[in-house]
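Welcome! Take a moment to turn the structure around on your screen, and then let us walk through its main features together.

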Amino acid sequence: MPPQMQESVHGTLRFGVYEADLRSGELRKHGLRVPLEEKPFQALVVLLRYANEVVTREELRQQLWPSDVFIDFTHSLNTVIAKARRALNDSAEKPRFIETVGRHGYRFIEKVVIEMPKAAAPPDLQLLRKAENVAVQTPAIAIAAPLDPAARRPESKKSHPVKTWAIAVVTPIALALMVIAILNPWGWRDALLGKPGHPIRSLAVLPLENLSGDPSQEYFADGMTDELTTDLAQIGSLRVISRTSSMQYKYAHKSLPQIAQELNVDAVVEGSVQRTGDHVKIRAQLIEGHNDRHLWAENYESDLRDVLALQDNVARDIARKIRVELTPKEPTVQAASFQVNPAAYDAYLLGRYYFEQRNEQGLKKSIDYFNQAIAIDPNYALAYSGLADSYHVFGTYGIMPPDEAIAKSEAMARKALSIDNSLGEAHAVMADNLTTYHWDWAAAEPEYKRAIELNPSYATVREWYAEYLNAMGRPQEAIAEIKKAQEVDPISLITNAVIGRVFFMSRQYDQAIAQCKKTIEMDPSFPRTYVYLARVYEQKGMYDEAWTNYHKSRVLMGSEPESQSIPPAKGLDAQSYWKQRLAWAQYDLKHGRKASFDLAVAYSYLGDKDRAFEWLEKAYQEHNSWMAELKINPMNDPLRSDPRFQSLLKRMKLE
């Protein structure tokens, strides 16, 4: 601690649900320690002592770093303040606690109560400012007065008229408050006892903080977040935000009410995970979203072998706290009956970590790690389910021949379900294989529904089911289902993009354009959105716009011809546009990409139906993923009246 900070080390500074203990150097929230390094804590203490006053950057420098220490001051101070804000779930853009005052300094804007021993030394910053002849105003903070020793003397037995009057007035009020608390007409008792102010029907599990002191254990904390989310999602009475959306807040400097508002949830779960060897400790807190009110907190410890039971205990405690009644259809206890080999669990989490990258290199690594988990524990159902997902994506992305990829995916999914038939993810991949590869529509729907029943917050299965419903010519049901996917995964780019695709397939073009533009605002670098938007513009005859978006998608995917520099489109007619689309498809085919469906579409709009059906037959043989929606896809309209098209629909069991 620098010399400037060695004075006045006793007492506590309280603000909101937080307190800074000057003796121990700890920041606490609802009595639970919040990890915060020494320098950020010291900076926070200085700001707390001068709440509602501007503390200059130079004053902070003199408090935090001795004069003989040479540092990059600007960068160091910015880092210190950022860490303090993160510990408080605060935001520089919408501050609740620490406000930036131009380039001048910072100001703590929340009311602070200082509890300090009577003989404590005066605040050091006051001395600093006096030494520099800086005008000092009285800090606008409430200071709790120390106890007067005289107040602890035995009271005289003689009644005092003021005291008698106070008893006469206060006693009836106290009795009335007791009655109100017992009857609880306005929910006051719940508020006093830390219960939710209103029913909690939705929540998000924010990324658990890795307290292991080892950055390489980050995957473990993320995996625990994922598993806890999955456990809670089995409670059908709750809408649980999916991992994809929650993980967006891993490094976000936003307040909890702001996060709850953006995710449209009633409450959030936050906490930390600390792993030491094969021992794991989880700290979890349940916070009411709209007002940052603490509802519940608990610490859990277990051997890593019993980690599933540990996750289940956390999920059950949260469910109990928010007064959700579990039913036999919400089997959160099933996971507790399994024990996991720690090494197998590690390999599984690494597999999921690389699977989420959704690129060829990451998918190959995910398969390696899932296989490692199975080699360690041949009865590990989740690892088989992970392999099923990886091979399924391999097939749909064209990285592996579909015949080979789907066969492996189905084998792994069946193995997972033979061990644990309650895995929603395994049922989901089985359903989508039945749809996109086998075109077994009757068998696919029960599998989708079973997957949703087992894991209602698994957004991916709802996306797949929405596309299935569209393929079956049930557009209103498809839109309702994709909206449910958005509810549990509001920030997912693929979820939002697929909404645009669903609108397109149901010929609601204006809604599709609006949704695609909204998704582009979320992330302008996500290529699939531009593909869907281009196809909407094609159907509206807006060829310049279609060309621009198609070109953008190809640039982002790295599939634009290297030797071809294409100028921006202006005044394109249908013939010119479809010739360009044909050229793009031929380029893709030459470079080993699946292009049969795009070639069929281009030839059909250029009026060459024979070539179109030639390539459409090829797409049928390849099980091209666009073929599943052949019955309703607007892009197939030029061929729809041809008997060959009707014959193809019958072979696909769509007629």
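Counting along the chain gives 26 helices and 15 strands. Please keep in mind that this is a predicted model. Of the 655 residues in the chain, 52% are buried. The chain has an accessible surface of about 30500 Å², and carbon and sulfur atoms account for 53% of that area. Among contacts between residues at least 6 apart in sequence, 62% join residues at least 24 apart.

Now look at helix α7, which covers residues 218–233. Its 16 residues, at 1.5 Å a residue, should span 22 Å. The end C-alpha atoms of α7 are 23 Å apart, which agrees with that expectation. How many of the residues of α7 are buried? The count is 15 of the 16, so α7 is largely enclosed by the rest of the structure.

Next comes the second largest pocket, which holds about 940 Å³ of space. Several elements give two or more residues to its lining: β4 (32–34), α3 (73–87), β11 (209–210), α9 (256–263), β13 (267–276) and β14 (279–288). Helix α3 gives the most, with 5 residues. In total, 35 residues line this pocket, and those nearest its centre are Pro 35, Arg 86, Ala 87, Glu 209 and Lys 250. The table shows how the lining divides by residue class.

| Class in the lining of the second largest pocket | Number |
|---|---|
| Nonpolar | 16 residues |
| Polar | 7 residues |
| Charged | 12 residues |

Notes:
Residues are numbered from 1 along each chain as its sequence is written. This is a predicted model: local features need pLDDT of at least 70, side-chain atom pairs count only at pLDDT 80 or more; totals for chains, interfaces and linings use all residues. Side-chain values use heavy atoms; hydrogens and water are left out. Helices (H or I, at least four residues) and strands (E, at least two) are DSSP runs, numbered from the N terminus. The expected span of a helix is 1.5 Å times one less than its number of residues. Buried means under 20% relative accessible area, exposed over 50%, partly exposed in between (1.4 Å probe, protein chains only). Contact means heavy atoms within 4.5 Å. Accessible areas come from the Shrake-Rupley method with a 1.4 Å probe; for residues, only the protein chains shown count as cover. On a 1 Å grid over the protein atoms alone, a cavity is a set of points where a 1.4 Å probe fits but cannot get out, and a pocket is an open set with protein on both sides within 12 Å along at least five of seven lines; lining residues have an atom within 4 Å of a point. Grid points are joined across faces, edges and corners, and a volume is the space filled by probe spheres set on the points. Ala, Val, Leu, Ile, Met, Phe, Trp, Tyr, Cys and Pro count as nonpolar, Asp, Glu, Lys and Arg as charged, and the others, Gly among them, as polar.
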